Amino acid sequence: MTTSTDAEGAPEDILVALADPIRRQILATLAGQGGTTSTSLAAGLPVTRQAVAKHLAVLDRAGLVRAHRTGREVRYEAELHPMKRATRWMDALATQWEHRLRAIKDLAEETPGP
């Protein structure tokens, strides 16, 4: 098990992690109720605990969850800061596209000279 307390999570890692609906549900559950175990998460999902553990590993690699051991249990918590970085990246990309589309529109609407 690796923990991602120092991981920033690249935008592509975050997008891959969030592409799966089960991982999104896991992250939403962790964000809503706080730390819990993979066994507790699996109880509310249509997948096995082993599948939840694999999904948590993907979320961990993206920096979206943090794991810590409490006695014999490993508890997971949502780490949403990397999503803010990915959102800023997507916003910057959208702004670039808006500028390009505006330039294309301006060119298309130009009236030809005499």
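Begin by selecting Glu-79, which at 23% relative accessibility counts as partly exposed, and keep in mind throughout the tour that the model on screen is a predicted one. Show the side chain of Glu-79 together with that of Arg-66, because the two form a salt bridge whose closest N and O atoms are 3.2 Å apart. This pair links distant parts of the chain, since Arg-66 sits in strand β2 (residues 65–70) while Glu-79 belongs to the loop between β3 (73–78) and α5, the two residues being 13 apart. Arg-66 is itself partly exposed, with a relative accessible area of 29%. Add Glu-77 to the selection, and the picture becomes a network of salt bridges that links Arg-66, Glu-77 and Glu-79.

**Other salt bridges**

The model contains four salt bridges by the rule used here, and another of them can be found by selecting Glu-73 and Arg-75, whose side chains meet at 3.6 Å, N to O. Glu-73 is partly exposed at 40% relative accessibility, and Arg-75 is likewise assigned to the partly exposed class, with a relative accessible area of 25%.

Move next to Lys-105 and Glu-109, where the side chains meet in a salt bridge of 3.8 Å, N to O. Both residues lie in helix α5, four residues apart, which corresponds to about one turn of the helix. Lys-105 is partly exposed, with a relative accessible area of 48%, whereas Glu-109, at 51%, counts as exposed, the cut-off for that class being over 50%.

**The nonpolar patch**

Stay with helix α5 and select Ile-104, which is placed in that helix and counts as exposed at 53% relative accessibility. Now extend the selection to Leu-15, Trp-89, Met-90, Leu-93, Trp-97 and Leu-101, which together with Ile-104 form a nonpolar patch on the surface with about 690 Å² of accessible area. Which helix contributes the largest share of this nonpolar patch? Colouring by secondary structure will show that helix α5 (residues 81–109) does, with six residues.

**Where α1 meets α5**

Leu-15, a member of the patch, also leads to the next stop, since Leu-15 is among the residues of α1 that make the contact with α5. Two packed helices are described by the angle between their axes and the distance between the axes. For helix α1 (residues 11–18) and α5, the angle is about 105° and the axes are 9 Å apart, and the two helices are therefore roughly perpendicular to each other. To display the contact, select Pro-11, Ile-14, Leu-15 and Leu-18 on the α1 side, and Pro-82, Met-83, Arg-85, Ala-86, Trp-89 and Met-90 on the α5 side.

Within that selection, centre the view on Pro-82, a residue of helix α5. Is Pro-82 buried or exposed? At 3% relative accessibility, Pro-82 counts as buried. Drawing a distance from Pro-82 to Leu-64 gives 6.5 Å, C-alpha to C-alpha, although the two residues are 18 apart in sequence.

**Ala-17 and its surroundings**

Return to helix α1 and pick Ala-17, which is found there and counts as buried, at 0% relative accessibility. Leaving aside residues up to four places away in sequence, Ala-17 touches Arg-23, Val-58, Leu-59, Ala-62 and Leu-64. A C-alpha distance drawn from Ala-17 to Gly-63 comes to 9.6 Å, for a pair that is 46 residues apart along the chain.

**Where α2 meets α4**

Arg-23, one of the residues that Ala-17 touches, also takes part in the contact between α2 and α4. Select helix α2 (residues 21–33) and helix α4 (residues 49–61), which pack at an angle of about 80° with their axes 10 Å apart, an angle that makes α2 roughly perpendicular to α4. From α2, show Ile-22, Arg-23, Ile-26 and Leu-30, and from α4, show Val-52, His-55, Leu-56, Val-58 and Leu-59, which meet them.

**Last stop: Ser-38**

Finally, select Ser-38 in helix α3 (residues 38–43), a residue that counts as buried at 11% relative accessibility. What does Ser-38 touch, if residues up to four places away in sequence are not counted? The residues to highlight are Arg-49, Val-52, Leu-56, Val-74 and Tyr-76, and of these, Val-52 and Leu-56 are already on screen from the contact between α2 and α4.

How values were computed:
Residues numbered from 1 in each chain as written. Predicted model: local features only at pLDDT ≥ 70, side-chain atom pairs only at ≥ 80, totals over all residues. Heavy atoms only, no water. Patch = residues over 30% accessible without salt bridge, like charges linked within 9 Å, V, L, I, M, F, W, Y side chains within 5 Å. Areas by Shrake-Rupley, 256 points an atom, 1.4 Å probe, with all protein chains shown as cover. Buried < 20%, exposed > 50% of the residue type's maximum accessible area, 1.4 Å probe, protein only. Axes fitted to C-alpha atoms, helices over the stretch in contact; angles between N-to-C directions. Parallel < 35°, antiparallel > 145°, perpendicular 65-115°, else oblique. Contact = heavy atoms within 4.5 Å.
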